[in-house]
Amino acid sequence: MGNTQIHQRPIGRRITPQRAQFRRLAESADIGTVTRAQLAVLAQSLTCTGLINGTESHLLVALINTVPAESFDRAGRPIVFKSNQQLAFEIGRSVGRVSRMLSSLFDAGLITMQDSGNYKRYPIRNGDGEITDGCGIDLRILIVRYAELDELVRQVRAEKKAADAALRRYRGALRNARHALSTAAQLSAQVLDRIGSRIERVSDFVGAAGKASSGMLRRATAILEWLAERMMQLPRRSAEAQEAQNMTCPYVENGMHKQITTPHPFDESNHERRSANAEQLSSPKAGSASDWAFEESLRRGRSEINQPRRLPQAVVELQDVLRAVPALKTYGFAPSSWADLARAVPLMCRFAGISEDARARAVEQMGEQQAAVAVAVTLEKYDRQEVSSPGGYLRAMTDRAAAGELHLARSVFGLAARNSMEVRH
């Protein structure tokens with residue numbers, strides 16, 4: 001009998017040079033610099049970049065939320081030890097689909113994996129019970145690449161906004177040019193026919209506007225606007241004015257569309273149009289303490305805009321927040337620590353109707369603790385029916401925090417004083 005060659009069962013996933021490089025990169029992670037909430041928001045936003053699809057984003061968010069928040073603190077180890085079967089149950093997909101998606105996330109450099117000989121996932125602990133290593137799904141590479149991926153998301157969103165602005169402006173210019181053509185009675189029929197044919201040539205050249213590039217749309221828009229001005233016999237623009245218009249218009253339109261979301265969209269006063277002011281609706285039951293405490297910065301003059309930012313104020317105590325926001329108890333929240341309050345923020349936002357983007361901006365600008373207080377204050381005012389758009393109200397608080405003009409402690413103490421007075425009466 002000849003020697004029988006025994007082929008051992010392959011261990012774990014196939015390791016390519018790229019995957020090995022990702023593993024080395026994950027080992028250089030500075031744990032404690034990025035929070036779990038920031039990574040969860042990033043994972044949800046990565047679909048717009050084309051790196052992953054919606055289902056893979058869902059799985060990545062599930063992996064991030066599986067790891068305790070303290071694992072992202074210093075000396076922590078964000079590794080997931082759940083089996084593919086458990087992950088498949090949680091996201092509603094088959095085990096094979098989960099395995100393929102994990103490989104895709106590994107290839108994209110969003111996770112790294114270390115498989116054991118028996119394909120099991122388990123932690124390796126030291127004598128103090130702390131996890132020092134393990135066979136599982138390692139999320140440290142997300143910490144290393146957070147700045148890179150976050151910048152990519154911002155860039156893609158900025159390009160999408162510019163493209164949307166160019167598309168809207170082109171469609172408006174085409175509509176205006178055709179309207180000017182139909183109402184230009186002072187020009188001869190021959191001239192109007194020539195201009196009309198040129199307008200249609202521009203429209204045919206662009207084709208489906210939604211699929212055209214931003215550069216093509218901007219060039220077509222410039223031609224259509226020039227034709228409309230010629231039909232209206234307007235004087236030619238100066239070179240400086242045209243250059244300024246080309247620099248500003250593609251971006252201003254999108255910004256205006258986002259900001260006019262207040263109950264006063266057609267008021268002449270700019271003061272009423274400000275989202276921070278418009279979201280704070282008056283209430284006959286509202287006292288003056290909170291109004292002064294939170295909205296005092298809105299009454300400052302324009303002369304203070306160029307002053308340097310103030311230093312951040314001291315964080316209020318958790319008990320002060322609980323006294324100021326009885327709505328926490330109303331909605332079933334009973335935080336005993338700042339970590340409990342931060343974990344309740346997504347659910348509070350859901351109750352108040354605050355978008356994920358507004359919450360992410362608040363966390364990014366203020367930090368998890370201050371953002372949790374801001375969301376709690378917003379929930380309280382929404383529960384009192386003093387705020388009709390909690391999302392816009394939180395965005396206004398975020399903008400004031402960025403400008404160094406947010407007095408969150410005053411707002412908390414003002415609400416606490418009001419609640420105390422109402423209890424006495």
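A residue is termed buried when its relative accessible area is under 20%. That threshold is applied throughout the close-up views below, which show a predicted model.

**View A. A salt bridge joins Arg-418 to Glu-386.** The closest N and O atoms of Arg-418 and Glu-386 are 2.6 Å apart. Arg-418 belongs to helix 20 (residues 408–424), whereas Glu-386 sits in the loop between helix 18 (368–383) and helix 19, so the pair ties together parts that are 32 residues apart in sequence. Both Arg-418 and Glu-386 are buried.

**View B. Asp-399 and Arg-361 are paired across two helices.** Their salt bridge brings the closest N and O atoms to a separation of 2.8 Å. Asp-399 is located in helix 19 (residues 390–402) and Arg-361 in helix 17 (residues 356–366), so the salt bridge ties together parts that are 38 residues apart in sequence. Asp-399 is partly exposed, with a relative accessibility of 38%, and Arg-361 is likewise partly exposed, at 31%.

**View C. Helix 17 packs against helix 19.** The two axes come within 9 Å and cross at roughly 20°. Helix 17 is therefore roughly parallel to helix 19, and their crossing is left-handed. On the side of helix 17, the contact is made by Asp-357, Ala-358, Arg-359, Arg-361, Ala-362, Gln-365 and Met-366. Helix 19 contributes Gly-391, Leu-394, Arg-395, Met-397, Thr-398, Asp-399, Ala-401 and Ala-402. The partners of the salt bridge in View B, Asp-399 and Arg-361, are thus among the residues that form this contact.

**View D. Helix 8 and helix 9 pack with their axes 10 Å apart.** Helix 8 spans residues 189–206 and helix 9 spans residues 214–231, and the angle between them is about 165°. This angle makes helix 8 roughly antiparallel to helix 9. Helix 8 passes helix 9 in a left-handed crossing. From helix 8, the residues Ile-195, Arg-198, Ile-199, Val-202, Phe-205 and Val-206 take part in the contact. They meet Met-216, Leu-217, Ala-220, Ile-223, Leu-224, Trp-226, Leu-227 and Met-231 of helix 9.

**View E. Glu-148 and Arg-145 meet through their side chains.** The N to O distance in this salt bridge is 2.9 Å. Glu-148 is partly exposed, with a relative accessible area of 48%, whereas Arg-145 is buried, at 11% relative accessibility.

**View F. Asp-150, Arg-154 and Glu-364 form a network of salt bridges.** Side chains of opposite charge can pair when their charged atoms come close. The network links Asp-150, Arg-154 and Glu-364, and the structure as a whole holds 18 salt bridges.

**View G. Lys-381 is a buried residue of helix 18.** The relative accessibility of Lys-381 is 0%. Its C-alpha atom is separated by 9.9 Å from that of Ala-352, a residue 29 positions away along the chain.

**View H. Cys-48 and Cys-135 are shown in a structure that holds zero disulfides.** A disulfide is a covalent bond between the sulfur atoms of two cysteines. Cys-48 is partly exposed, with 36% relative accessibility, while Cys-135 is buried, at 9%.

Conventions
Residues are numbered from 1 along each chain as its sequence is written. This is a predicted model: local features need pLDDT of at least 70, side-chain atom pairs count only at pLDDT 80 or more; totals for chains, interfaces and linings use all residues. Side-chain values use heavy atoms; hydrogens and water are left out. A salt bridge is a side-chain nitrogen of Lys or Arg within 4 Å of a carboxyl oxygen of Asp or Glu. Buried means under 20% relative accessible area, exposed over 50%, partly exposed in between (1.4 Å probe, protein chains only). Helices (H or I, at least four residues) and strands (E, at least two) are DSSP runs, numbered from the N terminus. A disulfide is a pair of cysteine sulfur atoms within 2.5 Å. Axes are lines fitted to C-alpha atoms, for helices over the stretch in contact, and angles run from 0 to 180 degrees between N-to-C directions. Angles under 35 degrees count as roughly parallel, over 145 as roughly antiparallel, 65 to 115 as roughly perpendicular and the rest as oblique. A crossing is left-handed if the near helix is turned anticlockwise from the far one by less than a right angle, and right-handed if clockwise. Contact means heavy atoms within 4.5 Å.
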